[in-house]
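Hello,

I am passing on to you the structure that we spoke about, and I would ask you to look through it before you read my notes. The sequence and the model are shown just here.

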Amino acid sequence: MEIPRYVNYGWGGQWFAVLLGLFSFGILFALGVFSHLFLNPASFFTGLIVLFSGFLVIFFFLKSVLFEPRGAPVRFNRKQQKVYVYEYKKSIWPWARWPVTIKVFDWADIQGERVEMSGHADWGHRVYCAVCRPGTYQVMDRFVLTWTVGSIHDVYGLWSACCQYMQGKAVSDKPLRTDTPPNWTPFRTVRWPEDMDKASRAVPEWSIK
């Protein structure tokens with residue numbers, strides 16, 4: 001079972017920042033503002049810093065909306081009793097690589113945590129998974145089960161579905177929510193490494209009847 005982890009805020013704002021930045025730079029170039037700055041030796045470095053900073057911000061947001069993994073998923077393998085978490089490390093430098101890491105955990109070591117968010121953009125409830133040392137409640141790692149903020153009913157329903165699936169119980173194939181946060185991109189942004197893609201889908205021989 002694979003659960004996408006969407007973010008239900010920020011996508012539209014980033015596109016707006018990109019378009020506004022490009023439009024602003026176009027107007028400034030058309031008015032000849034930058035040419036006047038570079039003609040004056042005293043303001044040359046100021047103009048260079050402003051130009052570089054502006055392009056850096058635009059490049060960052062453009063890379064984010066086009067290439068950031070959308071719905072970086074979590075895979076639950078019931079036969080293996082393993083959980084595979086698709087993670088990536090985002091850098092503030094847009095030219096740097098945003099490497100993908102697949103974390104693998106034993107389902108028996110995972111405890112669910114309901115968190116109430118009170119931020120300006122993400123107000124609501126969210127489920128985190130605490131990975132504990134075997135047989136203890138000492139947390140070694142933690143990952144979010146879904147970035148989308150919802151109601152208590154939503155998060156309890158999601159956690160209940162995960163538990164029932166991993167316990168081999170019947171799980172409804174009807175989603176609690178059918179709406180998907182806006183996250184359009186022309187590229188396939190989630191790419192599982194080939195070895196981990198096969199490993200996360202594999203079924204142990206002892207479980208085949």
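Below is what was found, beginning with the whole chain and ending with one sheet.

Please keep in mind throughout that this is a predicted model. The chain holds five helices and seven strands, and if you follow the elements from the N terminus on, they run β-α-α-α-β-β-β-β-β-β-α-α. Of the 209 residues in the chain, 37% are buried, while the area that the chain exposes comes to about 13,300 Å², with carbon and sulfur atoms supplying 62% of that area. When contacts between residues at least 6 apart in sequence are considered, 61% of them join residues that are at least 24 apart.

The sheet I would like you to look at is an open one of three strands, in the order 5-6-7, and its pairing is antiparallel. Strand 5 (110-118) and strand 7 (139-144) each have a single partner strand and stand at the edges, so one side of each is left without a neighbour in the sheet. From one strand to the next, the twist averages 30°. As background, the strands of a sheet pair through backbone hydrogen bonds, and this pairing can be either parallel or antiparallel.

Strand 6 (residues 123-132) and strand 7 run antiparallel and are joined by five bridges. If you would like a place to start in the viewer, find Tyr-128, which stands opposite Val-144 in strand 7.

With best wishes

How values were computed:
Residues numbered from 1 in each chain as written. Predicted model: local features only at pLDDT ≥ 70, side-chain atom pairs only at ≥ 80, totals over all residues. Heavy atoms only, no water. Pairing = 2+ DSSP bridges. Helix = DSSP H or I, 4+ residues; strand = E, 2+ residues; numbered from the N terminus. Axes fitted to C-alpha atoms, helices over the stretch in contact; angles between N-to-C directions. Buried < 20%, exposed > 50% of the residue type's maximum accessible area, 1.4 Å probe, protein only. Contact = heavy atoms within 4.5 Å. Areas by Shrake-Rupley, 256 points an atom, 1.4 Å probe, with all protein chains shown as cover.
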